[in-house]
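Could you walk me through this structure while I have it open in my viewer? I am new to it, so please tell me what to select next and what I will find there.

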Amino acid sequence: MLINTFKSAIALIITASASLTVHAQSVKSSGSCNAYPTNATCSNYVDYKVFLPDKITVNQIESQLQSLAQLGSLLGGVSPVCFDTFARYQCSKAYPKCVTTNSTTDISVYSACTSACEAVSIECASIFKVAGQTALLPNCSTEITSTGFGLQADDKCNNIPTKLTEEQIKDGRMNFSAVPAGFVMAECPAPFLVDPLAASGSSINDKYCRYGCCIPCPAQNLFYKENWATRGFLATDVIRFVSAVLSLILVISYLVLPDKRRHPSLLILNLSIAIFLFSMVVFFSVGNPRRLQCAPNDISPGEMGNNTLCAAQGAILIFGSFATCLWCAALILNLHVHTVWNSNFFTNRYILLNVVCWGIPATIMSIALGLHAVKFEFANLCLVSMKYIFPLFFYPLAAIVCPSFIVHIGTFFYIARIAVREGLESDMTQSLSTGTMTDRAPGVSRKHVMVAVKIQWRALLLAVVAIVTVLFYWLFYMTQISRMSELQDNPTLTLDWLECMLTPGNSQNICAEAISPHLPPFALIIVAEALVSTIGIWLFVMFGKRSLWREWNDLIYDTRIRFSRRGRAEKSGEQFFAL
């Protein structure tokens, strides 16, 4: 009932104005000045004597303006600027200003302004559109006042001043909290989409739909400034794509080159495979990330129940994340037991390593799929939903990465301590043999430490990259997840943004400020995504050594010799580089 009243009130007030005009045309020749009652419909706007054509009374006009008060109780709360503009125009049109000069028979009549009519078309276009009453907006070129004439120019018209404050005028937004519950917009303005279930009193997505209109997926593209999300996450996708290609080069190298499929190179091979799986998920979103981010209805976010591509990509990403961390941990532990304990424990333990480093990721991935926890949240990737992200993803990752990092730091300090001690003992032996302590070269201890660093820098840097990446991403979620969860769970937070988007003259860039307090800072998201996307690049930098390319050179040359007729030609290992 309230919805019908809200829609019909606009039609009633304009229809009443039209009937008043028709009646006035036949009696436009004469009239008189009259006092306007203080308790009538336009008493807030009319503080002057009004001109009434002969045989027309205030009560007759008031009966045709009854819906103005009704409209004020509804439209006034939703769009104060529109109602104020509309009411001032209708009152000046229905009650022209009457001014007597010299004598009571010399009357000047000032009717409604053309500019006031045009202001109605500007300020009320949006609210009339959502109410389905755009056809009833006044046509300022054909409007007729109660005097029977058209609208007047600004210097000869009855320009009623606004009753709003400067703050209200400047704001100008519609207040959707005042819209009756269950109201459905007659038309959804761009960029919003029609809710196909709104007509039946339901909604296709309660979090992203209001009043029969929905925010198109992905909402992040509209919440941030124009093109920011699209371009920013495209940049992170490019970085991840490069990581995938570089890690694939290492995978192929360690699979094809001789002597690379045995310990400890097998650790690098498995780590490269894991990082490739972690990075190759970008292939799912290349060219069209929306096919991954959204459900087929273009409104709801993609998740296991509505997007199989999202489910597959999310499953691979979860598996690759844990496999990367576990094989990195295996590499660090192998270095530790070999260096500190002088043990080759992992040399013949690859069955155990494969069970642990591939089995645990498969188990966690299966749990996530069983809980239907794979969902698109932000960026261009599907991952574990916010509900399960910490217990199912970040806490287990931290349990793997943090101890591994501590073990590796301990290994490094052990090597440094041994190197320093051996350097000091060597210096002391040399000094005793010469009979003096003055021959010890300064900085020898530092030299030995640097040698240790050079030996360990690849594994050390890999551990540092892993821990920094996981901790930064973890801190990002820890500090920002409350904002993202609150935005999804509390639909009223998007009302200010929605009101801004439907306000004439506003743009996405302006309205992004209204919702920014409830979103993670855009720069922080990009840094977090870019950081995890570089892991394949770091792997290539650390393990794509010059010796690897020399082995490729040897393999290519041997292959050429094998298939060449010059089978007796001598091999030159430097020929490739000489070219």
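**Stop 1: the transmembrane regions**

Start by colouring the spans that UniProt, in an unreviewed entry, lists under "transmembrane region": residues 238-257, 266-286, 314-338, 350-373, 393-416, 455-476 and 522-543. Keep in mind that this is a predicted model. Now select residues 314-338: this span is 100% helix with 0% strand, and 36 Å separates the C-alpha atoms at its ends. Next, pick residues 522-543, where 95% is helix and 0% is strand. Here the end C-alpha atoms are 33 Å apart.

**Stop 2: the largest cavity**

Switch on a cavity display if your viewer has one. Seven cavities of 30 Å³ or more are found in the structure, and the largest of them encloses about 430 Å³. To get to its middle, select Phe278, Ser321, Phe393, Thr469 and Val532, which lie nearest the centre among the 29 lining residues. Then show the elements that each give two or more residues to this lining: helix 10 (265-279), helix 12 (308-339), strand 9 (382-384), helix 14 (389-434), helix 15 (444-489) and helix 18 (522-533). Which helix gives the largest share of the lining of the largest cavity? Helix 15 does, with seven residues. If you colour the lining by class, you will see 22 nonpolar, three polar and four charged residues.

While Phe278 is selected, add arginine 240, which lies over the face of phenylalanine 278 at 5.1 Å from the ring centre.

**Stop 3: the second largest cavity**

Move on to the second largest cavity, with a volume of about 340 Å³. Its lining has 24 residues, and those nearest the centre are Tyr208, Phe223, Glu377, Leu487 and Gln488. The elements giving two or more residues to this lining are helix 8 (220-223) and helix 15. Helix 15 again gives the most, this time three residues. By class, the lining of the second largest cavity comprises 19 nonpolar, three polar and two charged residues.

**Stop 4: aromatic rings**

Show the side chains of the aromatic residues next. How many aromatic pairs does the structure hold? There are 22. Begin with phenylalanine 192 and tryptophan 497, an edge-to-face pair with 5.8 Å from centre to centre and 80° between the planes. Phenylalanine 192 is in the loop between helix 7 (166-171) and strand 5 (193-194), while tryptophan 497 is in helix 16 (residues 495-501), so select both to see a link across 305 residues of the chain. Are these rings buried or exposed? Phenylalanine 192 is buried at 7% relative accessible area, and tryptophan 497 is buried too, at 1%.

Now select tyrosine 224 and phenylalanine 522. Their ring centres are 5.2 Å apart with the planes at 55°, so this pair counts as tilted. Tyrosine 224 sits in the loop between helix 8 and helix 9 (228-256) and phenylalanine 522 in helix 18, so the pair ties together parts 298 residues apart in sequence. Tyrosine 224 is buried, with 9% relative accessible area, and phenylalanine 522 is buried at 15%.

For a group of rings, select Phe322, Phe378, Phe390, Phe393, Phe394, Tyr395, Tyr473, Phe476 and Tyr477, which ring pairs link into a cluster. You have already met Phe393 near the centre of the largest cavity. Then jump to arginine 349, whose charged end sits over the ring of phenylalanine 345, 4.3 Å from the ring centre.

**Stop 5: backbone details**

Finish with the backbone. Go to alanine 190 and proline 191, which are joined by a cis peptide bond with omega at about 10°. Proline 191 is in the loop between helix 7 and strand 5. Another cis peptide bond joins cysteine 217 and proline 218, with omega at about -5°, and proline 218 lies in the loop between strand 7 (213-214) and helix 8.

Select aspartate 298 next: although not a glycine, this residue has a positive phi of about 65°. Aspartate 298 is in the loop between helix 11 (290-293) and helix 12, and is partly exposed at 34% relative accessibility. Your last selection is alanine 379, another non-glycine with a positive phi, about 60°. Alanine 379 is in the loop between strand 8 (374-376) and strand 9, and is buried at 2% relative accessibility.

Conventions. Residues are numbered from 1 along each chain as its sequence is written. This is a predicted model: local features need pLDDT of at least 70, side-chain atom pairs count only at pLDDT 80 or more; totals for chains, interfaces and linings use all residues. Side-chain values use heavy atoms; hydrogens and water are left out. UniProt positions are given in the numbering used here, feature names are shortened, and annotations may be inferred rather than shown by experiment. Helices (H or I, at least four residues) and strands (E, at least two) are DSSP runs, numbered from the N terminus. On a 1 Å grid over the protein atoms alone, a cavity is a set of points where a 1.4 Å probe fits but cannot get out, and a pocket is an open set with protein on both sides within 12 Å along at least five of seven lines; lining residues have an atom within 4 Å of a point. Grid points are joined across faces, edges and corners, and a volume is the space filled by probe spheres set on the points. Ala, Val, Leu, Ile, Met, Phe, Trp, Tyr, Cys and Pro count as nonpolar, Asp, Glu, Lys and Arg as charged, and the others, Gly among them, as polar. Rings of Phe, Tyr and Trp (its six-membered ring) pair if their centres lie within 6.5 Å; planes under 30 degrees apart count as stacked, over 60 as edge-to-face and the rest as tilted. Buried means under 20% relative accessible area, exposed over 50%, partly exposed in between (1.4 Å probe, protein chains only). A charge sits over a ring if NZ of Lys or CZ of Arg is within 6 Å of the ring centre and within 35 degrees of the ring normal.
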